[in-house]
Amino acid sequence: KECVIERGCVRVDKVVAALVAWLATGGCAMSGTTAAGSGALPRPVLSAQDASPGQKLTVSIDFSLTCEDTNHAEAAITQTWKSVRIRLVEGNADMVLATLDTDRAGHLSTQLTIPLKASAGLALIRIDYADDVPLTIN
């Protein structure tokens, strides 16, 4: 999937996921594991903010949405996702660590091993349809 736009690339997968979520909820205000009520993309939760090569790390994310501007106590909207990729991004290097499906409620949680070839420094955990999360490699 290469981006062939002369003036820069847009993360199309994130834009499409945000648009689909907005359309599915009728533009409602969302809560859950999104950034402070902003209606942003879901944010993964890591078991640690730093890890060493060979170390195990748990990654969890909740893709379900809750509308806060309806008359219902909890208007939850669930979406299952297939083949969600979890990647470690270090500069230009992008390593797929896992490809998984969410459960029926839109949750995903798994334990990953940081690759032995990971370099020390700041990296990102990138999950399809979600915000990136920083991870320091020791």
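This report looks at a small sheet and at the surroundings of Ala-98 in a predicted model.

## The three-stranded sheet

Let's begin with the strands. S2, S4 and S9 form an open sheet in the order S2-S4-S9, and the pairing is antiparallel. S2 and S9 take the edges, each with a single partner strand, so one side of each has no neighbour in the sheet.

## How the strands are joined

On one side, S4 (residues 56-62) runs antiparallel to S2 (residues 45-46), and two bridges join them. Here you can pick out the residue pairs: Val-45 has Ser-60 in S4 as its bridge partner, while Leu-46 stands opposite Val-59 in S4.

S4 is also joined to S9 (residues 107-113), this time by seven bridges, again in an antiparallel arrangement. If you would like a pair to locate in the viewer, try Leu-57, which stands opposite Leu-112 in S9.

## Ala-98 and its contacts

Now over to Ala-98, which sits in strand S8 (residues 93-100). Is Ala-98 buried or exposed? Its relative accessibility is 14%, and because buried means under 20%, Ala-98 counts as buried.

Which residues does Ala-98 touch, leaving aside those up to four places away in sequence? They are Val-84, Arg-85, Ile-86 and Leu-112. Of these contacts, Leu-112 is a residue we have already met, as the one opposite Leu-57. Ile-86 is worth a look too: Ala-98 and Ile-86 are twelve residues apart along the chain, and their C-alpha atoms are separated by 5.2 Å.

Note on methods: Residues numbered from 1 in each chain as written. Predicted model: local features only at pLDDT ≥ 70, side-chain atom pairs only at ≥ 80, totals over all residues. Heavy atoms only, no water. Helix = DSSP H or I, 4+ residues; strand = E, 2+ residues; numbered from the N terminus. Buried < 20%, exposed > 50% of the residue type's maximum accessible area, 1.4 Å probe, protein only. Contact = heavy atoms within 4.5 Å. Pairing = 2+ DSSP bridges.
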